Amino acid sequence: MADNLATELASDLDESFPQLVARLQNGVFSGLRQLAGDHHRAEDLTQETFIRAYLALQSYPAERIRDMRLRGWIWTIALNLFRNDVRASARRPVPVRLEDVGYTQSEPPDSRAWRRRWALLPPAQRRAVILRHVAGLSYREISEATDRPASTVRSDVRRGLARLRSAIEEETNKEVGG
């Protein structure tokens, strides 16, 4: 995918960019949705990711575009935007929403459970598990996007999955045992 599409982007950015968006937008949105925990923030961050990618590609020489690993590069942009958004939101007052106190009519109960489970993971593990199993990135792509060694990414995924399994087993035992 990346080599052919990168070549097409290098030849005709305006014609080929919609293909890049079509191929990657669902994975980027899904991953950001899990990281951000908010549908609307994930939509905004996904849109901003592709806007930034397009603007950057406009300024790159064709040779650089042809050599790119597009999925990892897009995820680098998405994660940087997410980190900046988290920093910015920490400086803004947050209104209390019904969802924040555990009530929502539009969200299935298991979504709240997953948000609680994701919150149990340290940020690096949460990010690695989401990028691997929600967004479908390879370990190498996650390594490039997060600027962490691939071996560390593998460990983060393994440890994160182990914590999630433990949390699910604990919840199941509480439900069964009372």
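A residue is called buried when its relative accessible area is under 20%, exposed when the area is over 50%, and partly exposed in between, with a 1.4 Å probe and protein chains only. By this scale D147, at 72% relative accessibility, counts as exposed.

The structure is a predicted model, in which local features need pLDDT of at least 70 and side-chain atom pairs count only at pLDDT 80 or more, while totals for chains, interfaces and linings use all residues. Residues are numbered from 1 along each chain as its sequence is written, and side-chain values use heavy atoms, with hydrogens and water left out.

## Overall architecture

Helices (H or I, at least four residues) and strands (E, at least two) are taken as DSSP runs and numbered from the N terminus. The chain has 9 helices and 0 strands, and its pattern along the sequence reads α-α-α-α-α-α-α-α-α. Of its 178 residues, 37% count as buried. A contact is defined by heavy atoms within 4.5 Å. Among the contacts between residues at least 6 apart in sequence, 67% join residues at least 24 apart.

## The nonpolar core

A nonpolar core is a set of buried Ala, Val, Leu, Ile, Met, Phe, Trp, Tyr and Cys residues joined through side-chain atoms within 4.5 Å. The largest such core holds 44 residues, and L9, F17, L20, L32, L57, W73 and W75 touch the most other members. At least two residues of this core come from each of α1 (2-11), α2 (13-36), α3, α5 (70-90), α7 (123-134), α8 and α9 (150-177). L57 illustrates these links: apart from neighbours within four places in sequence, L57 is in contact with L9, L13, F17, L20, I65, M68 and W73.

## The packing of α2 against α3

Two packed helices are described by the angle between their axes and the distance between the axes. Here axes are lines fitted to C-alpha atoms, for helices over the stretch in contact, and angles run from 0 to 180 degrees between N-to-C directions. The axes of α2 and α3 come within 8 Å and cross at roughly 145 degrees. A crossing is left-handed if the near helix is turned anticlockwise from the far one by less than a right angle, and right-handed if clockwise; α2 passes α3 in a right-handed crossing.

On the α2 side, the residues that meet α3 include L13, F17, L20 and L32, and their counterparts in α3 include T49, A53, Y54 and L57. The residues of this contact divide into 15 nonpolar, 5 polar and 4 charged. In this count Ala, Val, Leu, Ile, Met, Phe, Trp, Tyr, Cys and Pro are nonpolar, Asp, Glu, Lys and Arg are charged, and the others, Gly among them, are polar.

An aromatic pair also spans the two helices. Rings of Phe, Tyr and Trp (its six-membered ring) pair if their centres lie within 6.5 Å; planes under 30 degrees apart count as stacked, over 60 as edge-to-face and the rest as tilted. This rule yields 2 aromatic pairs. In one of them, the rings of F17 and Y54 have centres 5.1 Å apart and planes at 70 degrees, so the pair is edge-to-face. F17 in α2 and Y54 in α3 are 37 residues apart, and the pair thus links distant parts of the chain.

## Selected residues of α2 and α3

The burial of several residues is compiled below.

| Residue | Relative accessible area | Class |
|---|---|---|
| F17 | 9% | buried |
| E43 | 32% | partly exposed |
| T49 | 0% | buried |
| A53 | 0% | buried |
| Y54 | 22% | partly exposed |

T49 lies in helix α3 (residues 39-59). Beyond four places in sequence, T49 is in contact with L32, I74, I77, A78 and L81. A53, also in α3, is in contact with F17, W73, I74 and I77 on the same basis. The C-alpha atoms of A53 and A78 are 9.5 Å apart in space, with their positions 25 residues apart in sequence. For E43 and Q25, which are 18 residues apart in sequence, the C-alpha distance is 9.8 Å.

## From α8 to α9

In helix α8 (residues 139-146), the buried residues are E141, I142, S143, A145 and T146. D147 follows α8 and belongs to the loop between α8 and α9. Although D147 is not a glycine, its phi is positive, at about 60 degrees.

D156 is placed in helix α9 and counts as buried at 7% relative accessibility. Not counting residues up to four places away in sequence, D156 touches A124, Q125, A128, V129 and R148.
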